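Please read the briefing below alongside the sequence and the three-dimensional view. The topics are grouped under short headings.

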Amino acid sequence: MDSNGKKTRIVKDIKVDTKKCVGCRACEIACSAFHATPKFSSVNTARSRIMVVMDEVRDIFVPIRAGDYTQAECTGRNRYVIDGKEYDECTFCPASCPSRDAFKEPDSGIPLKCDMCESVPPLEQPMCVEACTFGALTYEEREEVVEAEPEQRGELEIAYESLVKKYGKKRVRDTFSRLSKA
Ligand code: SF4
Ligand code: SF4
Ligand code: SF4
């Protein structure tokens, strides 16, 4: 709750500054180690929920965190042109998608998604941020007011309104009253 008594929620976010990313992939290593079973027992960047897209010739490094799983390839895609080079449509997509192997558990194919390193007790900041000594990843938390859901009208209320519209309030009331006595 905020000071006005409104319901709030904490939104967690990682800000990416691609200019500071050097492509060291420490974030991938840290993420995969944190999610190993047991924790920190192994490192396999194919199991990481963050992937650094690298173009060493152009000095472009873009860390992408895994988003939602999608069952089918999308039909509307984005094409990125950076410093005159056009990148493949799926290059910067965070989805675990049938079109490629990214963000899938290598043995089982189970989709991987960034969970912000949820753990008990909670970490001060996610592992990838902790591991990024170049300052390319910054953890942020903000409080957002939760908009109240519009009250859902029940089926009965909708049906009653349409009956009133059709037959008039009095007739509907009389009918309900008669039926309730039956
Ligand atoms: S740890 Fe930081 S600098 Fe290294 S690849 Fe990841 S985001 Fe880039
Ligand atoms: S990887 Fe992303 S952009 Fe490419 S088809 Fe799948 S959802 Fe679409
Ligand atoms: S926040 Fe945690 S789960 Fe998400 S990419 Fe970073 S290390 Fe991996």
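Helices and strands here are runs assigned by DSSP, with at least four residues for a helix and at least two for a strand, and they are numbered from the N terminus. By that rule threonine 8 belongs to strand β1, which covers residues 8-16. The model is a predicted one, and the points below describe its ligand surroundings, its buried parts and some features of its backbone.

**Around the ligands**

- Ligand 1 is surrounded by 13 residues, and the closest of them are Cys21, Cys24, Arg25, Cys27 and Cys132.
- Sorted by class, the shell of ligand 1 holds 11 nonpolar residues, together with 1 polar and 1 charged residue.
- Ligand 2 has Thr70, Glu73, Cys74, Arg77, Cys90, Cys93, Ala95, Cys97, Ser99 and Arg100 around it.
- The shell of ligand 2 divides into 5 nonpolar, 2 polar and 3 charged residues.

**Helix α1 and the nonpolar cores**

- Helix α1 is mostly covered, since 7 of its 9 residues are buried, namely Cys27, Glu28, Ala30, Cys31, Ser32, Ala33 and Phe34.
- The cover over these buried residues of α1 includes β2, α2 and β6, the last of which spans residues 137-145.
- The largest nonpolar core contains 15 residues, and those with the most contacts inside it are Ile14, Cys27, Ile50, Cys128, Val129 and Leu137; the elements that contribute two or more residues to this core are α1, β2, α2 and β6.
- When neighbours within four places in sequence are left aside, isoleucine 50 is in contact with Cys27, Glu28, Cys31, Pro63, Ile64, Arg65, Phe103, Cys128 and Leu137.
- A second core, separate from that one, has 9 residues, among them Val53, Phe92, Ala102 and Phe103.

**Backbone features in the loops**

- Most peptide bonds are trans, and most residues other than glycine have a negative phi, which is the background for the next four points.
- The peptide bond that leads from threonine 37 to proline 38 is cis, with omega near -10 degrees, and proline 38 is found in the loop between α1 (26-34) and β2 (50-55).
- The loop between α1 and β2 is also the place of phenylalanine 40, whose phi is near 65 degrees, a positive value in a residue other than glycine.
- A cis peptide bond also leads from valine 120 to proline 121, with omega near -5 degrees, and proline 121 is found in the loop between β5 (85-87) and α2 (127-131).
- Methionine 116 lies in the loop between β5 and α2 and has a positive phi near 55 degrees, although the residue is not glycine.
- Methionine 116 counts as buried because its relative accessibility is 15%, and buried means under 20%.

**Two residues to compare: threonine 8 and leucine 163**

- Is threonine 8 buried or exposed? Threonine 8 is buried, because its relative accessible area is 18%, under the 20% limit.
- The side chain of threonine 8 makes a polar contact, at 2.8 Å, with the side chain of glutamate 143.
- Leucine 163 lies in helix α3, which runs over residues 155-167, and counts as partly exposed because its relative accessibility is 33%.
- Not counting residues up to four places away in sequence, leucine 163 touches Gly168 and Val172.
- Leucine 163 and arginine 58 are 105 residues apart in sequence, and their C-alpha atoms are 69 Å apart in space.

Methods
Residues numbered from 1 in each chain as written. Chains lettered and ligands numbered in written order. Predicted model: local features only at pLDDT ≥ 70, side-chain atom pairs only at ≥ 80, totals over all residues. Heavy atoms only, no water. Near = heavy atom within 4 Å. Nonpolar A, V, L, I, M, F, W, Y, C, P; charged D, E, K, R; others polar. Buried < 20%, exposed > 50% of the residue type's maximum accessible area, 1.4 Å probe, protein only. Contact = heavy atoms within 4.5 Å. Polar contact = N/O pair within 3.5 Å; in protein donor to acceptor, adjacent residues only side chain to side chain. Core = buried A, V, L, I, M, F, W, Y, C linked by side-chain atoms within 4.5 Å.
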